[in-house]
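Here are my notes for you, written as numbered points. Keep the picture open while you read and find each place as we get to it.

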Amino acid sequence: MIPHLDVALLIGAAVLLVAVAAVRWSTRLGVPSLLVYLALGVLLGSVFGLRFDDAEVTRMLGTCALVLIIAEGGLTARWTMLRPVLGLASALATVGVVVSVAVVAVSCHFLLGWDWRTSALIGAVLSSTDAAAVFSTLRRLRLRPRLVATLEAESGINDAPVVLLVILLSTTGAVGPWWLEALVISYELLAGAVIGLLVGLVGRELLRRAALPAAGLYPLAAIGLTVLAYAGGAVAHASGFLAVYAAGVVLGNARLPHRQAILGFADGLAWLSQIGLFVLLGLLVSPPGLIEMLVPAVLVGVVLTFAARPLSVLVCATPFGVGWREQAFLSWAGLRGAVPIVLATIPMAQRMPGAETLFNIVFVLVVLFTLVQAGTLPEVARRLRVTAPAEATELRVETAPLERMHADLLQLEVPDGSGLAGVHLDELRLPVGASVTLVLRGGVGFVPDRDTRLRMGDSLLIVTTEAVRDEAERRLRAVSRRGRLAHWFGEDGREHGD
């Protein structure tokens, strides 16, 4: 037994359980749970004395966490919703980023007296909206689908160009002419998208054709493919983040085996990544240094929220015919979160002068403005009249709803020689509380009626309450053995030996 390892596991388990419980609390308040996770990290460092100050390790772990968060965003993005807004989201993620960086850089240079490089760097760090904050906040609101799709797509795409820009500005050596750097960034974005699409397409076919021995391997394979897309992009000196998102979108919109299990696993990994990432970032910050950064953080935040973001939305959204109400909401809903804080660790890892000050400013700004913006989003949406009460919030089918209803989902195949072949559904005489809800025949699914006749090769989806499940299974087993007249032959469907 290693005592310090036991203590570390105890602290880790406690933090994880508190973080999970905090999700319910933050949901009720309408505040992203990331703020709670950041507070946990600060509390562990300042009160319990758990010290951590390695910016390079934070950057690497933060990159790994962002890969999983962006992968989940791509896997859960519906192509039918994404396709109409892809142009607008791409414009916000590229042109919008340039406009935002320019406005913040000019403001910081003339209002705070910073040099141009530092001013542009903080503008770049803050120009990316955060996928985790956007996904966790917007999916609880009933908004127009176009708005939700635009914001989610933008947050999934804009990490790629912003990371490249921050790395470029953090480089201490000489850089090439601006047009050459622009060409390099364009190549990295295009190559990243292509690599992600290729990995997604190849992975889709592999998962469809693979006969893995356990259902739990499919989620692992799907996540492994998204990570492979990131690695492939990095090896090719392309944008790994864009490759992850592209691969996730392709895989998430494919008809894969155990698709719901894949999405559920990705969702759990994304939550775990968020918790670990935000707690780690909270540990990295130095609370005494935050108070003196309050004034510049508020000043930069006001410029970003009320000038840079609205102007970038205006420039990008107007050509797409987006009305002023939707533009106003897009401006207010551009939430910052872990991504800017992670990006702020890049200049720290490069040991740039003033990097720690920049990190503290970004940290304070993210906490304050995320609290204000996320908490007021429902009211802002209502006042701007961009809500859609008829729109259902996102539902993900999983076992939990069936458990709450004390029901089970059964799948039954009709093999060759089965007595089920030729039997009408009403002749199954399933007990009250059990019903055949879907029949898959020849690769095509349909909802059966009482006159539907079963055929060999059919696959049935049966919903049954727990109380009658055993009785339903016995009846199906009896008919499979002796046909529709099983009862007359004395067949009760019990297992042999019962």
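**Notes on the model**

1. Let's start with Ile223, which sits in helix H11 (residues 217-235). A quick word on names: helices (H or I, at least four residues) and strands (E, at least two) are DSSP runs, numbered from the N terminus. Ile223 is buried, at 8% relative accessibility. Buried here means under 20% relative accessible area, exposed means over 50%, and partly exposed is in between (1.4 Å probe, protein chains only). Leaving aside residues up to four places away in sequence, Ile223 touches Leu68, Leu75, Phe265, Ala266 and Leu269; contact means heavy atoms within 4.5 Å. Try finding Ile262 too: 39 residues separate Ile223 and Ile262 in sequence, and their C-alpha atoms are 8.2 Å apart in space.

2. Before going on, some ground rules. This is a predicted model, where local features need pLDDT of at least 70 and side-chain atom pairs count only at pLDDT 80 or more, while totals for chains, interfaces and linings use all residues. Residues are numbered from 1 along each chain as its sequence is written, and side-chain values use heavy atoms, with hydrogens and water left out.

3. Now step back to the whole chain. It has 20 helices and four strands. Of its 498 residues, 49% are buried. Take the contacts between residues at least 6 apart in sequence: 80% of them join residues at least 24 apart.

4. How do H3 and H12 pack? Helix H3 (residues 55-76) and helix H12 (residues 240-252) have axes 7 Å apart, at an angle of about 30°. Axes are lines fitted to C-alpha atoms, for helices over the stretch in contact, and angles run from 0 to 180 degrees between N-to-C directions. The H3 and H12 crossing is right-handed, a word used when the near helix is turned clockwise from the far one by less than a right angle (anticlockwise would be left-handed).

5. Which residues make that contact? On the H3 side, look for residues including Leu66, Ile70 and Gly74; on the H12 side, Val244, Gly248 and Leu251 are among them. The residues of the contact of H3 with H12 divide into ten nonpolar, five polar and no charged. For this count, Ala, Val, Leu, Ile, Met, Phe, Trp, Tyr, Cys and Pro are nonpolar, Asp, Glu, Lys and Arg are charged, and the others, Gly among them, are polar.

6. On to the sheet. Its four strands run in the order S1-S4-S2-S3, it is open, and the pairing is antiparallel. Strand S1 (407-413) and strand S3 (444-446) are at the edges with a single partner strand each, so one side of each has no neighbour in the sheet. On average, neighbouring strands of this sheet are turned by 25° against each other, direction ignored. Strands S2 (residues 434-441) and S4 (residues 459-465) pair over six bridges in the antiparallel sense; two strands pair if DSSP finds at least two bridges between them. To see one bridge, look at Leu438, whose partner in S4 is Leu461.

7. Next, the salt bridges: the whole structure holds 13. Each is a side-chain nitrogen of Lys or Arg within 4 Å of a carboxyl oxygen of Asp or Glu. Glu379 and Arg383 form one, at 2.8 Å from N to O. Both lie in helix H18 (residues 355-384), four residues apart, about one turn of the helix. Glu379 is partly exposed at 34%, whereas Arg383 is exposed at 62%.

8. Compare that with Arg450 and Asp426, whose side chains meet in a salt bridge of 3.3 Å, N to O. Arg450 is in the loop between S3 and S4 and Asp426 in the loop between S1 and S2, so this pair ties together parts 24 residues apart in sequence. There is also a network of salt bridges linking Arg204, Glu205, Arg208 and Arg209.

9. Finally, two backbone oddities to check. His258 is not a glycine, yet has a positive phi of about 55°; it lies in the loop between H12 and helix H13 (259-284). Arg385, also not a glycine, has a positive phi of about 60° and is in the loop between H18 and helix H19 (399-404).
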